[in-house]
Amino acid sequence: MTNTKLFLLIGTSLSLIPQTINAQCVATQDCATLGYTETSCSGGSGVKCPFGNKWACFKSESEYKQEFCNEYGFTLSCTGTGYSGGVGKACNGKYSECSCASGYEWKNGNCQQQILNGAQGDLYYCNGTVVGVKTANMDFYVALQDLGLMLWNEANSSCQSYFFCNYIRGSLPTINQLQTIYNNKSQINTLLSTNEGTKFSEFYYWSSEYNSSYQYAVYMTDGHIININTYDWVNGSVRPVLTSW
């Protein structure tokens with residue numbers, strides 16, 4: 001009796017073992033849980049989930065390199081247009097940081113020429129384009145082009161509504177300014193020519209000065225002042241100047 005019970009108990013215990021093992025070895029069929037999370041792999045570089053349409057993708061060489069660069073980085077010599085020399089951070093064939101020369105700025109991974117605005121020495125810029133010039137002893141800029149031949153009233157109005165850049169307005173030059181232009185005419189004309197401007201003509205240019213009887217102009221042939229009767233209705237040359245910025 002006792003032996004019979006013992007065999008029955010052993011048989012019952014052994015019959016439970018396979019059931020326990022089978023429960024532990026059932027494989028999951030959930031692709032995301034198994035690490036298959038991508039809908040496709042670039043160039044087919046990956047393994048497809050055996051239970052669905054998801055993929056586990058391999059990283060490309062460039063991705064591994066970029067991860068390395070992001071974590072460690074290293075320095076190389078900075079060379080090329082706009083670089084000031086020295087070293088900068090670079091990795092995977094691309095600079096991430098370099099020192100740029102004067103007139104250049106670090107932008108989009110390299111040294112690019114700055115888009116200048118406003119006064120820069122003898123040149124006045126608007127969005128990177130020269131719009132006015134002066135010499136070292138001048139405290140005002142002259143526009144690159146004449147506005148044509150006009151009566152004084154039209155000339156004064158046109159210069160006051162002339163924009164050097166954005167909201168920076170010009171004006172008719174004073175007599176002193178026109179004589180300063182005449183005294184520096186050779187240098188100014190050179191600057192105008194090299195910046196796609198038009199040289200001053202040898203005609204007379206309207207000044208901003210007038211009274212009830214006369215409007216004043218200055219000849220660019222010899223720099224002398226002329227008085228023109230207000231009622232003569234004659235045309236003069238017009239060149240805007242910029243006196244404050």
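Y210 is exposed in this predicted model, with a relative accessible area of 53%. Its ring belongs to an aromatic pair with W152, and the geometry of that pair is tilted: the centres lie 4.6 Å apart and the planes meet at 50 degrees. W152, by contrast, counts as buried, at 6% relative accessibility. The pair has a place in the wider fold because W152 lies in helix α3 (residues 152-160) and Y210 in strand β15 (residues 204-210), so that parts 58 residues apart in sequence are tied together. A search of the whole structure finds nine aromatic pairs. Aromatic residues also gather into a cluster, formed by F203, Y204, W206 and Y219.

The nonpolar interior comes next. The largest nonpolar core holds 19 residues, of which V133, V142, I181, I188 and F200 touch the most other members. Two or more residues are given to this core by each of β9 (123-126), β10 (129-133), α4 (175-183), α5 (185-194) and β16 (214-219). The largest share, three residues, comes from α4. I181 shows how such contacts are distributed along the chain: leaving aside neighbours within four places in sequence, I181 is in contact with F140, V142, I188, F200 and M220. Another core lies apart from this one; it has eleven residues, and A155, C159, W206 and V238 are among them.

Helix α5 can be read by its two sides. The buried residues of α5 are K185, I188, N189 and L192. Viewed down the helix axis, these buried residues fall within an arc of 100 degrees, and therefore line one face of α5. An α-helix has 3.6 residues a turn, so residues three or four places apart point the same way. The cover over the buried residues of α5 includes β10, β11 (141-143) and α4. On the face turned away from the buried side, α5 carries the exposed residues S186 and T194. α5 is followed by E196, whose phi is positive, near 60 degrees.

Most residues other than glycine have a negative phi. Two further residues with positive values are found in loops. N127 has a phi near 50 degrees and is placed in the loop between β9 and β10. With a relative accessible area of 48%, N127 is partly exposed. N166 also has a positive phi, near 50 degrees, and its place is in the loop between β13 (163-165) and β14 (168-169). N166 counts as exposed, at 54% relative accessibility.

The loop between β10 and β11 contains T135. This residue counts as buried, at 3% relative accessibility. The C-alpha atoms of T135 and I188 are separated by 6.6 Å, although the two residues are 53 places apart along the chain. I188 is also among the residues that T135 touches, together with D122, N184 and Q187, when residues up to four places away in sequence are not counted. The side chain of T135 is joined to that of N137 by a polar contact of 2.7 Å. Elsewhere, the charged end of K134 sits over the ring of Y141, at 5.8 Å from the ring centre.

The last site is that of R239, in the loop between β18 (236-238) and β19 (241-242). R239 is buried, with a relative accessible area of 1%. The side chain of R239 reaches two backbone oxygens: that of A143 at 2.8 Å, and that of L144, which lies 3.1 Å from a polar atom of the side chain. R239 also lies over the face of F200, at 4.2 Å from the ring centre. F200 itself is one of the residues of the largest nonpolar core that touch the most other members. Beyond four places in sequence, the residues that R239 touches include Q145, D146, C159, S171, P173, L192, T198, K199 and Y205. Of these contacts, L192 is one of the buried residues of α5, while C159 belongs to the core of eleven residues.

Notes
Residues are numbered from 1 along each chain as its sequence is written. This is a predicted model: local features need pLDDT of at least 70, side-chain atom pairs count only at pLDDT 80 or more; totals for chains, interfaces and linings use all residues. Side-chain values use heavy atoms; hydrogens and water are left out. Helices (H or I, at least four residues) and strands (E, at least two) are DSSP runs, numbered from the N terminus. Buried means under 20% relative accessible area, exposed over 50%, partly exposed in between (1.4 Å probe, protein chains only). A polar contact is a pair of N or O atoms within 3.5 Å; within protein, one must be able to donate a hydrogen and the other to accept it, and residues adjacent in sequence count only if both atoms are side-chain atoms. Contact means heavy atoms within 4.5 Å. A nonpolar core is a set of buried Ala, Val, Leu, Ile, Met, Phe, Trp, Tyr and Cys residues joined through side-chain atoms within 4.5 Å. Rings of Phe, Tyr and Trp (its six-membered ring) pair if their centres lie within 6.5 Å; planes under 30 degrees apart count as stacked, over 60 as edge-to-face and the rest as tilted. A charge sits over a ring if NZ of Lys or CZ of Arg is within 6 Å of the ring centre and within 35 degrees of the ring normal. The arc is that of the directions from the helix axis to the C-beta atoms.
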